[in-house]
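Please walk me through this structure, from its overall make-up to its helix packing, its pockets and a few residues with unusual backbone geometry.

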Amino acid sequence: MRIGETMSEADWQPIASRAAGALVLIVGVLLAASLCGASTPPDHLVPSIFDPHSTPAESIHHLSHFVLGITGLIFLVVFCLLSYVVVRFRGRVAGAEREPAQVYGSTQIELAWTVIPILIVVVLFLATARVIHGIQDAPRPAGTMEVTAIGHQFWWEFRYPALGIVTANELHIPLSDPTHPTPTFVKLLSADTDHSFWVPQLAGKTDLIPNRVNETWLDPHETGLFLGQCAQYCGTQHAKMLLRVYVDSPEDFSAWARGQQQPANKDEKEAAGRQVFESTACLNCHAIAGTNGSGRFGPDLTHLMSRRTIAAGGAENTPENLRLWIQNPDAIKTGSLMPAMKLSDAELDALVLYLETLH
């Protein structure tokens with residue numbers, strides 16, 4: 001259509017149908033997002049902010065619904081007004097030669113579309129600031145668990161200073177009783193570049209920045225497995241820097257902690273495998289309690305087989321995957337900083353058998 005021409009009924013009908021289709025699509029996406037937590041598979045394997053299981057996540061969940069409600073209402077009002085204008089004032093053949101009535105600015109309308117958006121922004125700002133303050137400045141009740149999480153390319157290190165436990169990629173925390181909250185406070189550090197700790201069902205995103213200490217906290221109300229990952233691009237394998245948070249009952253957490261505090265297995269039947277570990281470059285990056293290995297560049301392997309995954313969630317922790325991970329890390333996680341060890345078949349077999357005893 002050229003400038004100066006009016007729209008005929010044939011012109012505006014495709015526009016109106018496309019606009020209606022877009023509205024249906026957007027509403028469908030919003031409904032799907034809001035309902036995605038309704039059919040959560042076992043172990044909460046769908047990380048969604050709409051299915052909170054922790055106090056901080058619930059605060060974010062309520063805020064997201066509030067913001068979605070206001071912005072959805074704005075969208076609906078604007079769409080309805082636009083649709084009305086398109087239909088009511090569409091071009092007609094009968095008046096094609098007549099110039100439309102000239103309407104000049106209205107002080108009342110201009111004030112309305114200036115003041116109302118300012119009020120909406122202020123309300124959203126105050127609601128968001130309230131939630132941020134409530135999460136960041138939360139008090140620490142007695143009995144809180146403290147964990148230090150260190151982000152590496154591309155895996156997570158978890159340290160429990162009070163318990164003397166060091167593990168990787170799988171964080172175990174105790175259930176918090178709502179009547180006597182015992183949240184877990186996580187100190188966030190980075191060993192190299194920027195990372196971001198995000199477990200959607202338990203807490204919001206918090207960045208890990210080199211030479212800076214950040215904190216977040218988890219106050220879970222239900223046991224189970226909750227998935228998360230690094231939410232800040234940190235290099236080649238950023239997408240596979242996954243983490244698993246196990247919320248255990250107090251009894252199960254105590255049992256897990258006791259197991260992690262035990263020394264590494266020293267079965268003499270696997271002495272050959274331990275010798276391979278201590279005589280190769282493995283000990284430069286990894287630590288196993290009771291051996292010469294005290295490296296910090298890679299995960300602590302003292303209780304490797306107590307974890308369900310290897311390579312920060314890149315593969316299930318099975319003997320076959322463990323062998324492949326040592327032999328050719330790029331086959332599981334291309335671009336990872338784990339070097340291929342170039343071991344002979346006999347050395348590889350002995351090392352894998354030894355690592356399988358590290359429960």
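**A guided reading of the model**

Asn211 is exposed, with a relative accessible area of 86%. The place of this residue is the loop between β7 (206-208) and β8, and although Asn211 is not a glycine, its phi is positive, at about 65°. The model in which these values were computed is a predicted one.

Stepping back to the whole chain, one counts 8 helices and 12 strands. Of the 359 residues in the chain, 39% are buried. Among the contacts between residues at least 6 apart in sequence, 63% join residues that are at least 24 apart.

Two further places deserve a look for their backbone geometry. Lys342, in the loop between α7 and α8, also has a positive phi, of about 55°, although it is not a glycine; Lys342 is exposed, its relative accessible area being 72%. The other place is the peptide bond that joins Gln153 and Phe154, which is cis, with omega at about 0°. Phe154 belongs to the loop between β1 (145-152) and β2.

The helix packing can be followed through α2 and α3, whose axes come within 10 Å and cross at roughly 175°. Because angles over 145 degrees count as roughly antiparallel, this crossing makes α2 roughly antiparallel to α3. On the α2 side the contact is made by Pro56, Ser59, Ile60, Leu63, Phe66, Val67, Ile70 and Ile74, and on the α3 side by Ile120, Val123, Leu124, Ala127, Thr128, Val131 and Ile135. An α-helix has 3.6 residues a turn, so residues three or four places apart point the same way. Divided by class, the contact of α2 with α3 has 13 nonpolar and 2 polar residues, and no charged ones.

Both of these helices reappear around the second largest pocket, which has a volume of about 510 Å³. Its lining consists of 18 residues, of which Ile132, Ile135, Gln136, Lys205 and Thr206 are the closest to its centre. The elements that give two or more residues to this lining are α2 (55-88), α3 (107-136) and β8 (214-218), and the largest share, 5 residues, comes from α3. By class, the lining of the second largest pocket divides into 9 nonpolar, 6 polar and 3 charged residues. Ile135 thus has a place both in the contact between α2 and α3 and among the residues closest to the centre of this pocket.

Is Thr206, another of those residues, buried or exposed? Thr206, which is found in strand β7, has a relative accessible area of 15% and is buried, because buried means under 20% relative accessible area. Leaving aside neighbours within four places in sequence, Thr206 is in contact with Leu188, Ser196, Phe197, Asn214, Glu215 and Thr216. Thr206 and Trp217, which are 11 residues apart in sequence, lie 10.0 Å apart in space, C-alpha to C-alpha.

Ser196, one of the contacts of Thr206, leads on to Tyr233. Ser196 and Tyr233 are 37 residues apart in sequence, while their C-alpha atoms are 8.4 Å apart in space. Tyr233 lies in the loop between β9 (224-230) and β10 (242-248) and is exposed, with a relative accessible area of 59%. Not counting residues up to four places away in sequence, Tyr233 touches Asp194 and His238.

The largest pocket holds about 690 Å³ of space. It is lined by 36 residues, and those that lie nearest its centre are His286, Gly298, Pro299, Trp325 and Met338. Two or more residues of this lining come from each of β2 (155-160), α6 (282-285), β11 (309-310), α7 (319-327) and α8 (345-355). The lining of the largest pocket has 23 nonpolar, 8 polar and 5 charged residues.

Helix α8, which contributes to the lining of the largest pocket, also has buried residues: Leu348, Ala350, Leu351, Val352, Tyr354 and Leu355. What covers the buried residues of α8 includes α5 (271-279), α6 and α7. Helices α6 and α7 therefore appear in two roles, since each gives two or more residues to the lining of the largest pocket and each is among the elements that cover the buried residues of α8.

How values were computed:
Residues numbered from 1 in each chain as written. Predicted model: local features only at pLDDT ≥ 70, side-chain atom pairs only at ≥ 80, totals over all residues. Heavy atoms only, no water. 1 Å grid on protein atoms, 1.4 Å probe; cavity = no way out; pocket = protein on both sides within 12 Å on 5 of 7 lines; lining within 4 Å. Points joined across faces, edges and corners; volume = space filled by probe spheres on them. Helix = DSSP H or I, 4+ residues; strand = E, 2+ residues; numbered from the N terminus. Nonpolar A, V, L, I, M, F, W, Y, C, P; charged D, E, K, R; others polar. Buried < 20%, exposed > 50% of the residue type's maximum accessible area, 1.4 Å probe, protein only. Contact = heavy atoms within 4.5 Å. Axes fitted to C-alpha atoms, helices over the stretch in contact; angles between N-to-C directions. Parallel < 35°, antiparallel > 145°, perpendicular 65-115°, else oblique.
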